[in-house]
Amino acid sequence: MSRAAAQAARRVAERAIEEGLVDVSYATVDSPFGNLLAASTDQGLVRLAFPEESVDTVLERLAARLSPRIMEAPTAPQPLLRELDEYFAGRRHEFELELDWSLIGPFGRKVLTVTSEIPYGGVLSYSEVAAEAGSPRGSRAAGNALGSNPIPIVIPCHRVLRTGGSLGGYGGGLDRKRFLLELEGALTPRLGAGR
Amino acid sequence: MSDSLPPFQLFLDSERDVVWRFLVASVGRSEADDCFQETFISALRAYPRLRVDSNLRAWVLTIAHRKALDAHRGRARRALPVAEPAAVEHATIEPHEHDGELWDAVGELPERQRSAVMLRFMADLPHREIAAAIGCSEDAARRSLHEGLAKLRKAVLA
């Protein structure tokens, strides 16, 4: 009985998405870090969450910030799947998929815009990012904005390091930051943080 | 949580089994799926306008109740023959899926009594919320519940 109900519920989700009744749809995406949760709106990808983040909490915050009309899609959008695959295979240096910046506040927008322009393989320091975002003394504020990046990996906040080259922080954990920087060739494998 | 509605998917996941059982009992297995779709699609359309402190289960069962009535009306219009009430051997009041005969007995109840019985025993709603769901006074809901239960008791003990 509950299997029939589960199937009926999946059909509801598919139909609701088809009919445009859903404001935020989400699906999991396989990655070297495990299953990421990807949430999208009409505008594009709005949230990418690491596996250890509670799905319910991520969805509840999206409901509060954007809309409660959130449903699970059968799969993530094709451009996202393709571009992430290519990126993790080292074959893609720039993401072209559409992003929805609506979870990002005005200062975060400046900081993450600067961040999204750091080229593959490059890095900037927190203070450089803060200066370019128009807040030369605000490297801590810039760090906070980077830490609350709702679309990590795609908006490459992992490319921002401490002055002097130590890794600083990362919402997904420093191992992942190191992994991404090594993948991009910005960091020599095994030398780690203190090069 | 308290200052916004839950994400619709989580609401659907937590209420789907109750709504499904309610609809299978109300309209039968073959029409339950359509009613289920209609119920949750209607719910999704109205969802953003819902008050944050609403009783979501009572709300969605109200919608399911209405969809079941629509299905009954549609069936009446098509003038399908109604089966004779079957003899019921089980003496339990909470039907399981394999208790086809008891489902039939539930299905034979007048609409309001059937909804009252199911909302009480499947959705565990108090009289006040049963009344809200089927659109009547609390006293009327209480009466419908008791009359419905009396008929079922009579049917299963007959």
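Reader: Before we get to the helices, how are axes and angles defined here?
Author: Axes are lines fitted to C-alpha atoms, for helices over the stretch in contact, and angles run from 0 to 180 degrees between N-to-C directions. This is a predicted model, where local features need pLDDT of at least 70, side-chain atom pairs count only at pLDDT 80 or more, and totals for chains, interfaces and linings use all residues. Residues are numbered from 1 along each chain as its sequence is written, with chains lettered from A and ligands numbered from 1 in the order in which they are written.

Reader: Cool. So at what angle do α4 and α6 of chain A pack?
Author: About 80 degrees, with the axes of helix α4 (residues 106-116) and α6(A) 9 Å apart. That makes α4(A) and α6(A) roughly perpendicular, the word for angles of 65 to 115 degrees (under 35 is roughly parallel, over 145 roughly antiparallel, the rest oblique). Helices here are DSSP runs of H or I with at least four residues, strands are runs of E with at least two, and both are numbered from the N terminus.

Reader: Which residues meet there?
Author: From α4(A), A:Phe107, A:Gly108, A:Val111, A:Leu112 and A:Thr115; from α6(A), A:Ala141, A:Ala142, A:Ala145 and A:Leu146. By class they are 7 nonpolar, 2 polar and no charged. Nonpolar covers Ala, Val, Leu, Ile, Met, Phe, Trp, Tyr, Cys and Pro, charged covers Asp, Glu, Lys and Arg, and the others, Gly among them, count as polar. Contact means C-beta atoms, placed from the backbone, within 7 Å.

Reader: And where does A:Pro150 sit?
Author: In the loop between α6 (139-147) and β6 (160-161) of chain A.

Reader: Buried or exposed?
Author: A:Pro150 is buried, because 25 other C-beta atoms lie within 10 Å. The cut-off for buried is 20 or more other C-beta atoms within 10 Å, exposed is 12 or fewer, and partly exposed is in between, with C-beta atoms placed from the backbone.

Reader: What does A:Pro150 touch?
Author: Leaving out residues up to four places away in sequence, A:Pro150 touches A:Val46, A:Arg47, A:Leu103 and A:Ile104. A:Ser102 is 48 residues from A:Pro150 in sequence, and their C-alpha atoms are 9.7 Å apart.

Reader: Zooming out, how many helices and strands in chain A?
Author: There are 7 helices and 6 strands, running α-β-β-β-α-β-α-α-β-α-α-β-α from the N terminus. Buried residues make up 36% of the 195 in chain A. Of its contacts between residues at least 6 apart in sequence, 56% join residues at least 24 apart.

Reader: What are the spans of its C-alpha trace?
Author: About 60 × 35 × 25 Å along the principal axes.

Reader: Switching to the A–B contact, how many residues from each chain?
Author: Chain B gives 25 and chain A gives 24. On the chain B side, the elements giving two or more residues are α1 (8-27) and α2 (29-46), and α1(B) has the largest share, 9 residues. That side has 14 nonpolar, 3 polar and 8 charged residues.

Reader: Which residues of α2(B) are buried?
Author: B:Ala32, B:Cys35, B:Phe36, B:Thr39, B:Phe40, B:Ala43 and B:Leu44.

Reader: Last one: at what angle do α6 and α7 of chain B pack?
Author: About 95 degrees for α6 (residues 127-134) and α7 (residues 138-157) of chain B, with axes 8 Å apart. So α6(B) and α7(B) are roughly perpendicular to each other. The residues of their contact divide into 6 nonpolar, 1 polar and 3 charged.

Terms used:
Two residues are in contact if their C-beta atoms, placed from the backbone, lie within 7 Å.
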